[in-house]
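Work through the following exercises with the model open beside you, and try each task before reading its solution.

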Amino acid sequence: MYRSGRLSIVVLLIVAILATGGTRFWADNYRSKVLNRGQVVIADSSQSLSNMSSYALALLLGGLRGPLVMMLWISSESQKADKNLQDFDTKVEWIRMLQPEFDSVHMFQIWNKAYNISVQMASLSNKYTTILDALDYADKVNRQRPNDINIIMAIADVYFNKLGNSTEKDYYRQRVTRETRWRPTLPTKDGSEEFRATRLPPMLDEKGDILPADQDTLKYLVPYEPFPYGLNPFAISYNYYRIAQHLQNDEHQQHLQISPSVIDSRPAIALENWSQEELDNGRNLEAALFNRTPAPGSQTPVDLETANIAVNTPMNPSVDVDRLVYCYSRAAQLGADAAKAYDEHLKSSDFNENNLFTYQWHSDHNSAISKLAGADRDYLKAMLASGAERQKKLSEAREGYLRAIRECRIVMYKWFTPSEALQQMHIEKMSVGNLSDADLANVSNELHHLMTIHAPGTMNGAEDRMDYERDVLRAQQRINEIGAAMAAAH
């Protein structure tokens with residue numbers, strides 16, 4: 001009786017192993033069919049698990065894969081809570097290999113490393129390296145499961161939110177921009193060695209173009225080549241957001257957690273942040289170029305410090321003026337592209353119901369900032385030119401500043417001025433774009449008059465209007481300098 005019971009258990013185990021093999025064979029065939037149809041590829045865990053220990057493989061073959069994963073989850077999360085990270089990465093890697101088909105697992109671990117684990121590091125360099133660990137994890141999953149919208153969005157969010165917008169963003173942005181430039185690299189022996197990356201691999205060649213090996217991955221950045229000064233996190237995030245947008249709108253993939261509207265809007269938001277980053281870099285370089293960097297604690301914004309720079313103002317030779325021209329040119333280009341991207345997003349009735357006015361404002365804002373950055377570029381080019389070429393560039397800059405003033409005022413009155421105030425001037429809020437330049441200037445004067453009469457509460461939006469009024473003031477001061485320079489030339 002006892003022997004027959006043991007024999008039954010052995011037979012049952014053999015049948016279970018054979019059934020497991022048959023199920024695995026069916027799954028492999030199904031995966032091959034899916035691959036032939038061009039859908040998302042399910043990871044080949046047999047290859048992924050080849051480096052696991054014999055004990056883990058024994059558990060797996062014995063049908064204890066689930067208990068092993070549960071044990072690893074409990075242990076790794078306990079270590080994270082105790083801030084004991086000695087073999088945390090190893091356990092997370094085992095979880096990845098044991099659960100290759102679960103996107104929710106990979107999304108959590110990418111976020112877990114980039115946020116929960118990185119903040120436990122003492123130094124900025126170690127925080128940055130830990131974020132690179134999260135990107136390395138995501139890259140491994142992406143290679144096993146290419147064109148998966150969940151993983152693509154996770155990568156984009158790390159670049160955009162963590163490397164681009166976190167508290168330590170200044171440090172991260174500088175490192176990403178510097179490390180993506182071309183540099184000689186040492187080839188690995190056979191590509192099989194595991195090592196912890198301490199910096200991003202170069203993504204650009206010596207001319208600033210995307211490396212051939214990365215052109216498929218970074219295909220949405222190719223139209224913006226070259227990048228002589230490197231790629232910032234917003235540029236890289238824009239590329240991945242565009243891939244996710246394509247996977248959703250053209251390949252009909254659905255994200256597990258993020259709504260279709262959010263995914264469709266992210267490329268425009270990334271372009272806007274990229275444009276603002278280039279504009280900020282330009283402002284700081286311009287201040288250094290003319291020795292107008294604001295003193296610590298100064299109440300004057302950096303863009304007004306240099307607003308009244310005369311055309312013949314001497315330049316600091318230690319500042320890269322070519323990079324300044326590049327920053328303003330790129331900011332103008334990206335601002336215009338961001339406005340178009342918001343407009344494209346709003347064309348779909350599926351996406352424009354909840355955030356229609358918000359995205360319309362973003363579109364108008366980027367159009368105005370694009371005009372201002374383009375005028376700043378032309379003014380700088382005029383300063384670098386002479387004779388007839390200088391007069392031509394000054395004329396182009398003047399026209400650009402006039403367009404910037406108009407569009408900044410439209411944004412102010414359309415989006416940040418109470419309807420009641422405009423109605424007192426017999427103006428409909430959404431029709432301010434039809435006003436002439438002279439009428440827009442009169443609105444500005446009348447608003448200042450109303451602000452001195454009415455209580456502040458009746459003039460909501462004053463803080464937002466102040467930003468655009470500052471842009472208008474910069475443009476007006478530059479127009480005055482252009483007028484003086486053109487008059488002196490005659």
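**Exercise 1. Find the partners of Tyr-240, and place this residue in the interior of the protein.**

Step 1. Leaving aside the neighbours within four places in sequence, Tyr-240 is in contact with Ile-152, Ile-155, Ala-156, Tyr-159, Thr-217 and Leu-218.

Step 2. Tyr-240 is also listed, together with Tyr-159, Leu-221, Phe-227, Leu-231 and Trp-274, among the residues with the most contacts inside the largest nonpolar core, which has 64 residues. The largest share of this core, eleven residues, is supplied by helix H8, which runs over residues 149-165.

Step 3. A second core, separate from that one, has 48 residues and includes Ile-309, Ile-369, Ile-410 and Leu-440.

**Exercise 2. Describe the protein as a whole, and say how far the model can be relied on.**

Step 1. The model is predicted, and a careful reader therefore starts with the predictor's confidence in each residue, the pLDDT, given from 0 to 100. Its mean over the protein is 84, and 80% of the residues reach 70 or more.

Step 2. Over residues 37-47 the pLDDT is below 50, and this stretch has 26 contacts in the model beyond near neighbours in sequence. Residues 189-194 also stay under 50, and for them the model has one contact beyond four places in sequence.

Step 3. The protein contains 18 helices and zero strands, and 45% of its 490 residues count as buried. Among the contacts between residues at least 6 apart in sequence, 69% join residues that are at least 24 apart.

**Exercise 3. Check the length of helix H10, and describe its surroundings.**

Step 1. Helix H10 covers residues 233-249, and at 1.5 Å a residue its 17 residues should span 24 Å. The expected span uses one less than the number of residues.

Step 2. The C-alpha atoms at the two ends of H10 are 24 Å apart, which agrees with the expected span.

Step 3. At the N-terminal end, H10 is capped by Asn-232, which has a side-chain oxygen 2.9 Å from the backbone nitrogen of Phe-234.

Step 4. H10 is mostly covered, since 14 of its 17 residues are buried.

**Exercise 4. Decide whether Arg-474, Ala-397 and His-362 are buried or exposed, and list what each of them touches.**

Step 1. A residue counts as buried under 20% relative accessible area, and as exposed over 50%.

Step 2. Arg-474, in helix H18 (residues 462-489), has a relative accessible area of 0% and is therefore buried. Not counting residues up to four places away in sequence, Arg-474 touches Arg-283, Glu-286, Asp-303, Leu-304, Thr-306, Ala-307, Tyr-328 and Asp-376.

Step 3. Ala-397, which lies in helix H15 (residues 387-415), also has a value of 0%, so Ala-397 is buried. Beyond four places in sequence, Ala-397 touches Ala-375, Asp-378, Tyr-379 and Ile-482. Ala-397 and Leu-372 are 25 residues apart in sequence, and their C-alpha atoms are 9.3 Å apart in space.

Step 4. His-362 belongs to helix H14 (residues 356-384), and with a relative accessible area of 15% His-362 is buried, because this value is under the cut-off. Leaving aside neighbours within four places in sequence, His-362 is in contact with Glu-272 and Tyr-342. The C-alpha atoms of His-362 and Ala-268 are separated by 9.1 Å, although these residues are 94 apart along the chain.

**Exercise 5. Examine the backbone at Pro-226, His-252 and Asn-291.**

Step 1. Pro-226 is found in the loop between helix H9 (169-179) and H10, and the peptide bond that leads to Pro-226 from Glu-225 is cis, with omega near 0 degrees.

Step 2. His-252 sits in the loop between H10 and helix H11 (260-289). The phi of His-252 is positive, about 65 degrees, although this residue is not a glycine. Its relative accessible area is 65%, so His-252 is exposed.

Step 3. Asn-291 is found in the loop between H11 and helix H12 (302-305), and has a positive phi near 55 degrees, again in a residue other than glycine. With a relative accessible area of 60%, Asn-291 is exposed.

Notes. Residues numbered from 1 in each chain as written. Heavy atoms only, no water. Helix = DSSP H or I, 4+ residues; strand = E, 2+ residues; numbered from the N terminus. Buried < 20%, exposed > 50% of the residue type's maximum accessible area, 1.4 Å probe, protein only. Polar contact = N/O pair within 3.5 Å; in protein donor to acceptor, adjacent residues only side chain to side chain. Core = buried A, V, L, I, M, F, W, Y, C linked by side-chain atoms within 4.5 Å. Contact = heavy atoms within 4.5 Å.
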